[in-house]
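This report goes through a two-chain structure, taking the chains, their contact and a few single residues in turn.

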Amino acid sequence: MNSDMKQDNLTVLSEFLHKRENIDPARVTPEASLEELKVDSLLLLELLFEFEDRLGVKIPQDIPRPKTVGDLLGIVDKVTAGNGV
Amino acid sequence: MASARRVAVTGLGLVNPFGGDLSDFFCRMLRGESAIRLYTREDSVTRPLSVPAVRCANFDADAALGRSLAYTMDRYSQLGTTAALSAWSDAGLPRTKDAPRNDWGVSWGTALGGTLTFESGYIELLRNGRERVPPLSVVLGMSNAAASHISIQLGLGASSATYSVACASSAVAIGEVLQKIRSGEATLMVVGGSEAPLSYGVVRAWEAMRILALGDEASAARACRPFNSDRQGLVLGEGAGAMILEDWDHAVRRGARIYAEFAGCGSTSDHDHLVRPNVDGQMRAMRMAIQDGGMTPDDVDYVNAHGTATREGDPIEIAAIRGVFGSRSADLAVSATKSMHGHMLGATGVIEAIITVMSLASQEAPPTAYLDDLDRECAGVRHITGGPLRGALRAALSNSFAFGGSNTVLAFRAVH
């Protein structure tokens, strides 16, 4: 994928949360707690699915459960890097 | 069978296929107005579909439930939860999570559950070659989803069960609660059913049984003609309904409006054939409901028939009614309201129970719409035709006779 066209992952995440749960994008920072953003286990699954879909990657099942936005983005970056994108 | 506790119907709610509220729905039923329209569907995936059906075309799930909640639901749950919340409000109950209600529960019926979710999932996997389906697929598709959402939204801590008994699903869900309230196990139950069955696969499956009434734009409204000589079969529909059933004394203490008494229930099995109904099984269910309600056949003034308008089913039901009511049959008012609201499968039982309850409350019963040429084999009862029957309605039965031979009859008594 052309990295110039690739939307910043943080933006992907904040747009998804805004659309799904009407969360203010200003609250979606790397330090933000997923729990405080009301990201429960089901919404987390949807987020992982969204990233897999958009980036054409497969996030392994045995990842540690991310606690912050930064944790989640870190997982996505690691998987993306691993695929050589 | 006499019991210490009586059961009151204190709230009613439904998704009106005409788009209005509960009162609007019942008025149209009394007038003999049909909600059946030609349903056509054409897209890149499926061959064109064209069949008379009942749809809740005006239903806006996002508006009714909020987008965030609606997103976690298949349409069958969206319809069901909306109906349940409407019945709750109709019963004058507050939306508060402060008081845990551990003896208030849910009893729900659905034949097919989240079948639309399954269909779109299969299309993704089998036609579009995808490897995965969206992660909410299980919780959308599972057949207990609606009951779960209702329990969560209303903070209900007693049993939340879902019954799957084909065309009798919500009637069973209603009936099973009788003993819970009579025994004191439950004080209040949200009961009902919902169905969103108009997927491509489900419609084609029903077509293959050659019992779906055909029609075009002009004739669709009158496609379902129970008891008519030229009846062609049934019409599928989507919909949802709910009732609040409550311990009588509890209802009186809180000043609730009581629509009618839920007096009795009879459930039997034909143990005969997968689709052909059985007179004996139906008679036993009606007799059981009457007796359980502490009544005799002479006390019943109206029967809301199962009346799907199939060639085979209608005469068998009339024969069963005549077997139970004997010489009174000629005076016994009967109507088949599927002629107007279609067959909503798992949701039909509660929709018809709501109509039956409102008939007793208003002392007016709806007609069988378009009944202008009575089949001789369906004669022998007092068919309500044209407009409403006004008169002294002391008690009524609502019949649900399902594929597989499960029969459930609900008995209601008017209150004054």
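Helices and strands here are DSSP runs numbered from the N terminus, a helix having at least four residues and a strand at least two. With that numbering, Ala309(B) lies in the loop between strand E10 (302-304) and helix H12 (313-325) of chain B. The model is a predicted one. Phi of Ala309(B) is near 75°, which is a positive value in a residue other than glycine. Ala309(B) has a relative accessible area of 0% and is therefore buried.

**Chain A**

Chain A has three helices and zero strands, and its elements run α-α-α from the N terminus on. Of the 85 residues in chain A, 39% are buried. Taking the contacts in chain A between residues at least 6 apart in sequence, 58% join residues at least 24 apart.

Helix H1 (residues 9-21) and helix H2 (residues 41-55) of chain A have axes that come within 11 Å and cross at roughly 130°. H1(A) is therefore oblique to H2(A), since the angle falls neither over 145 degrees nor in the range of 65 to 115 degrees. The crossing of these two helices, H1(A) and H2(A), is right-handed. On the side of H1(A), the contact is made by Asn9(A), Val12(A), Leu13(A), Phe16(A), Leu17(A), Arg20(A) and Glu21(A); on the side of H2(A), by Leu43(A), Glu46(A), Leu47(A), Glu50(A), Phe51(A), Arg54(A) and Leu55(A). Sorted by class, the contact of H1(A) with H2(A) has eight nonpolar, one polar and five charged residues.

The loop between H1 and H2 of chain A holds Lys38(A). Phi of Lys38(A) is near 65°, again a positive value in a residue other than glycine. Lys38(A) has a relative accessible area of 65%, over the 50% cut-off, and is therefore exposed.

**The contact between the chains**

Chain B and chain A each bring 11 residues to their contact. The area buried between chain B and chain A is about 1000 Å², and carbon and sulfur atoms give 53% of this area. Which three residues supply more than any other three of the area that chain B buries against chain A? They are Arg67(B), Arg132(B) and Pro135(B), which supply 47% of that area.

**Helix packing in chain B**

In chain B, helix H4 (75-90) packs against helix H7 (residues 145-154) at an angle of about 40°, with the two axes 9 Å apart. H4(B) and H7(B) are therefore oblique to each other. The crossing of H4(B) and H7(B) is right-handed. H4(B) enters the contact with Tyr76(B), Ser77(B), Gly80(B), Thr81(B), Ala84(B), Leu85(B) and Trp88(B), and H7(B) with Ala145(B), Ala146(B), His149(B), Ile150(B), Gln153(B) and Leu154(B). The residues of the contact of H4(B) with H7(B) divide into eight nonpolar, five polar and no charged.

**Buried residues of chain B**

The table lists three residues by place and relative accessibility.

| Residue | Place in chain B | Relative accessibility |
|---|---|---|
| Met73(B) | loop between helix H3 (67-70) and helix H4 (75-90) | 4%, buried |
| Gly264(B) | strand E9 (residues 260-269) | 0%, buried |
| Ala196(B) | loop between strand E6 (188-195) and helix H9 (200-207) | 1%, buried |

What does Met73(B) contact, leaving aside its neighbours within four places in sequence? The partners of Met73(B) are Leu65(B), Gln78(B), Thr81(B), Leu140(B) and His149(B). Of these, Thr81(B) and His149(B) also take part in the contact of H4(B) with H7(B). From C-alpha to C-alpha, Met73(B) and Ala396(B) are 35 Å apart in space, and they are 323 residues apart in sequence.

Gly264(B) touches Leu178(B), Arg182(B), Ala289(B), Asp292(B), Gly293(B), Val409(B), Leu410(B) and Ala411(B), with residues up to four places away in sequence not counted. The C-alpha atoms of Gly264(B) and Gly239(B) are 25 Å apart in space, for 25 residues apart in sequence.

Ala196(B), again leaving aside its neighbours within four places in sequence, is in contact with Asp74(B), Arg75(B), Tyr76(B), Leu79(B), Thr115(B), Leu116(B) and Glu238(B). One of these partners, Tyr76(B), belongs to H4(B) and to the contact of H4(B) with H7(B). Between the C-alpha atoms of Ala196(B) and Val15(B) the separation is 12 Å, although the two are 181 residues apart along the chain.

How values were computed:
Residues numbered from 1 in each chain as written. Chains lettered and ligands numbered in written order. Predicted model: local features only at pLDDT ≥ 70, side-chain atom pairs only at ≥ 80, totals over all residues. Heavy atoms only, no water. Axes fitted to C-alpha atoms, helices over the stretch in contact; angles between N-to-C directions. Parallel < 35°, antiparallel > 145°, perpendicular 65-115°, else oblique. Left-handed = near helix turned anticlockwise from the far one by under 90°. Contact = heavy atoms within 4.5 Å. Nonpolar A, V, L, I, M, F, W, Y, C, P; charged D, E, K, R; others polar. Buried < 20%, exposed > 50% of the residue type's maximum accessible area, 1.4 Å probe, protein only. Buried area = accessible area lost by both parts, 1.4 Å probe.
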